[in-house]
Amino acid sequence: MADAAPATGPVVVLIGPPAAGKSRVGKRLGRILDARFIDTDKQIVAAHGPIPDIFATQGEAAFRALEAEAVADALQQPGAVVSLGGGAVMTSSVADALAGQPVVLLTLTPEAAAERLDPETRPLVREGISAWVDLVARRMPTYEALAAATWDTSSRPIDHIAEEIAEWARDRAAAAGGS
């Protein structure tokens, strides 16, 4: 039964473009839900070093392979809040693994992204906001296809967004348990 998978896997999986606030929202969401927070990018950095260094020395394909492994491991953690890197969903094995999961898409406007982006730590947006806009345009159909719910993080307080997502996750879990 596909609806049973989230009960043994993550309580929420956060996806979205770079700078959408997946880590910030995820940390707060984990506290609200009393759940472990797993940031797959941080898992990769802890095991393999800085992401820009991985891109520079091994290339994007090698990074994506490491990312797919980190995501697969994170999705096995029961009751966790999991934050994926912005491009993780573009790897077919990751997208496939998200089927039936409680996936939340976090979005933001280009104006908000321009205020948050640090091109030094984000290899795919070193060219600035125009590169970010192009990147998001390519990824958005995949984000939207995978998401069960969406929240915009452009201007609302992160605490409010996290509370709303927690309520959504609780309602979703209650509905799955009642069927």
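This passage describes the overall fold and the aromatic pairs of a predicted model.

The secondary structure of the chain consists of 9 helices and 5 strands, arranged along the sequence in the order α-β-α-β-α-α-α-β-α-β-α-α-β-α. The chain comprises 179 residues, of which 47% are classed as buried. Among contacts with a sequence separation of 6 or more, 73% are made by residues 24 or more positions apart. The accessible surface amounts to about 8,700 Å², and carbon and sulfur atoms contribute 52% of this area.

A search of the whole structure identified 2 aromatic pairs. In one of the pairs, the ring centres of Phe-55 and Phe-63 are separated by 5.1 Å and the ring planes are inclined at 40°. This angle is neither under 30 degrees, as stacking would require, nor over 60, as an edge-to-face arrangement would require; the Phe-55 and Phe-63 pair is therefore tilted. Phe-55 has a relative accessibility of 16% and is counted as buried. Phe-63 is likewise buried, with a relative accessibility of 3%.

Trp-151 and Trp-168 also form an aromatic pair, with a centre-to-centre distance of 6.3 Å and an angle of 75° between the planes, an edge-to-face geometry. This pair links distant parts of the chain, since Trp-151 lies in strand 5 (residues 149–152) and Trp-168 in helix 9 (residues 158–177), with their positions 17 residues apart in the numbering. At a relative accessibility of 12%, Trp-151 falls under the 20% limit and therefore counts as buried.

How values were computed
Residues numbered from 1 in each chain as written. Predicted model: local features only at pLDDT ≥ 70, side-chain atom pairs only at ≥ 80, totals over all residues. Heavy atoms only, no water. Helix = DSSP H or I, 4+ residues; strand = E, 2+ residues; numbered from the N terminus. Buried < 20%, exposed > 50% of the residue type's maximum accessible area, 1.4 Å probe, protein only. Contact = heavy atoms within 4.5 Å. Areas by Shrake-Rupley, 256 points an atom, 1.4 Å probe, with all protein chains shown as cover. Phe/Tyr/Trp six-rings, centres within 6.5 Å; stacked < 30°, edge-to-face > 60°.
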